[in-house]
Amino acid sequence: MQWTRQLRYKPYQAWPTEYLKKIEKQAADSAYYPQFHIAPSSGLLNDPNGFSYFNGKWHVFYQAFPFGPVHGLKSWVHLISADLVNWKKLGPALLPDSKYDAQGVYSGSALQIGNRLFLMYTGNVRDQNWQRHPYQNGAWLDQNNHITKLASPLINQPQQTTDHFRDPQLIEKNGKYYVLIGSQDKKTLAGRINLFASDNLTDWKDLGYLNFSDDDLGYMIECPNLVTVDQQPVLIFCPQGLEHEILPYQNIYPNTYLIGSHVDLASATFNSQNSLALLDQGFDIYASQAFNAPDGQAYLISWLGLPEIEYPTDTENWAHCLSVVKRLTIKNHKLYQQPVADLQKLRQQEHQLTGQTTGQVEKILAAKTTNQYELKLKIPADQQGTLWLFRDPQKAEGLKIEFATGQAAKLLIDRSQTSQPFAKDYGQTRRVALNDNQPLQLDIFVDHSVCEIFVNQGEAVFSLRVFSSSLANKISLAGKRQINYNGSWWDLAKSC
Ligand code: FRU
């Protein structure tokens with residue numbers, strides 16, 4: 001299909017039901033379709049939106065274009081969960097059906113107010129000359145998951161920004177509402193976060209840009225997100241066009257975070273003694289959204305995809321998925337991310353792994369998986385070798401995880417030998433340095449075409465998509481010298 005602007009923005013009702021059914025079947029039949037990650041029923045999924053806890057359930061929405069694997073007329077699709085693991089899709093929630101969101105219901109957030117959930121999102125509107133007019137809109141979700149949009153926008157584009165003004169995060173602090181909005185400054189064309197305040201959700205005062213960094217953060221900041229982790233404010237965001245001298249990164253756009261020492265929204269200040277860091281070391285992560293649950297914990301969910309990159313499932317008319325939910329903590333001025341504990345509920349049969357490799361021989365740890373499993377593996381200090389996932393019988397392909405736990409300790413992920421490499425322009429390897437002479441603990445989730453690698457209790461995470469051939473379902477380990485290992489792997493049940 002030639003995805004012209006006309007097709008991308010064709011009204012939802014104008015698409016034939018049979019067409020939608022046909023492409024839904026393509027996704028359902030795909031060997032790459034995830035079974036315990038949130039994925040689109042058809043078409044494209046991007047940012048998580050409105051991640052929240054309300055009415056005794058966890059809620060998340062995602063950005064959707066249901067008609068093809070491209071960015072077009074966006075809406076929100078709603079899911080609920082009792083445990084952050086098993087998700088039930090309730091279906092489309094916010095559709096582009098009003099004058100203030102006619103060309104797309106873009107990203108936003110959710111906040112419980114009274115006994116309802118308030119959704120705040122960007123309405124994307126284009127005029128006849130295709131000039132963009134962004135509106136920050138509101139909607140109420142009641143206890144029956146019924147949504148009512150507000151009749152008029154809450155915030156219009158301010159004078160100081162260009163039309164790149166989107167992704168509101170609504171926060172309540174000391175009885176006052178604040179909204180962080182991703183922006184581009186009109187004069188300098190620099191990426192900023194604009195802040196607004198309100199006492200009543202209706203009248204909003206522009207507090208100007210959040211003062212949080214002296215660095216030049218590129219030309220646009222998308223998806224700003226402020227969350228409290230272990231009593232410290234953490235600002236998560238996606239700077240586009242960030243100089244690599246400020247923060248080395250390889251993906252087209254990074255998803256970054258900054259740990260602060262103090263935040264005062266009333267004066268638009270976020271103080272920090274830390275440097276900007278990458279949220280994830282992997283290939284496919286963007287638009288992450290975190291929030292503080294009633295239990296005070298901070299939970300994070302991410303888009304496992306990136307803008308402007310073609311993915312192998314585009315030919316199957318669906319693209320992308322969300323990450324598992326991760327719990328955030330801070331240790332040694334670093335953000336730690338761990339998969340939520342309830343993911344263990346998905347574990348089926350346990351296969352224990354203890355032993356050592358001999359010489360140069362590649363040792364098969366699992367001869368046949370369904371590529372839907374969790375693998376926990378511990379490697380002692382002073383070892384060097386390669387863990388292969390998605391390994392095929394001919395040893396021609398696989399996801400290569402190289403580790404060294406002695407001197408110059410590191411972990412390197414190489415996806416160049418998988419059967420459908422993609423996004424090659426952005427490099428086929430990602431690496432982190434580890435502390436020398438320490439054991440390595442890996443907790444890895446594989447879901448057909450998804451791989452999330454939690455390193456040393458969440459000190460680093462690599463999130464990536466992998467497209468391998470159907471026989472590439474072994475796990476193996478190899479090294480020049482003997483490697484000792486112990487751990488387990490479990491088949492995981494379907495949860496989405
Ligand atoms: C980030 C983003 C947001 C926007 C949404 C549109 O991926 O570009 O800035 O609101 O996606 O789908």
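Biologist: How many bridges join β1 to strand β2?
Modeller: This is a predicted model. Strand β2 covers residues 57–65, and β1 and β2 run antiparallel. F54 stands opposite K57 in β2. The bridges joining β1 to β2 number 7.

Biologist: Which are the edge strands of the open sheet?
Modeller: The open sheet has 5 strands, and its pairing is mixed. The order is β4-β3-β2-β1-β22. An edge strand pairs on one side only. That picks out β4 (87–94) and β22 (318–319).

Biologist: Which residues around the ligand are the closest?
Modeller: The ligand is surrounded by 14 residues. Elements that give two or more residues to this shell include β1 (43–54), β5 (105–113) and β14 (220–229). β10 (161–173) and β20 (286–292) do so as well. The closest residues are Q63, Y106, S107, E222 and A287.

Biologist: How many residues of the shell around the ligand are charged?
Modeller: The shell divides into three classes. Nonpolar residues number 5 and polar residues 4. The charged residues come to 5.

Biologist: Why is the protein called as compact as a globular protein of its length?
Modeller: The secondary structure comes to 2 helices and 36 strands. For 496 residues the globule rule gives 23 Å. The protein is as compact as a globular protein of that length because its radius of gyration is close to that value, at 22 Å.

Biologist: What share of the residues counts as buried?
Modeller: The C-alpha trace spans about 70 × 55 × 40 Å along its principal axes. A residue is buried if 20 or more other C-beta atoms lie within 10 Å of its own. Of the 496 residues, the buried share is 49%.

Methods: Residues are numbered from 1 along each chain as its sequence is written. This is a predicted model: local features need pLDDT of at least 70, side-chain atom pairs count only at pLDDT 80 or more; totals for chains, interfaces and linings use all residues. A residue is near a molecule or strand if its C-beta atom, placed from the backbone, lies within 6 Å of it. Helices (H or I, at least four residues) and strands (E, at least two) are DSSP runs, numbered from the N terminus. Ala, Val, Leu, Ile, Met, Phe, Trp, Tyr, Cys and Pro count as nonpolar, Asp, Glu, Lys and Arg as charged, and the others, Gly among them, as polar. The radius of gyration is taken over C-alpha atoms; the globule rule is 2.2 Å times the number of residues to the power 0.38. A residue is buried if 20 or more other C-beta atoms lie within 10 Å of its own, exposed if 12 or fewer, and partly exposed in between; C-beta atoms are placed from the backbone. Two strands pair if DSSP finds at least two bridges between them.
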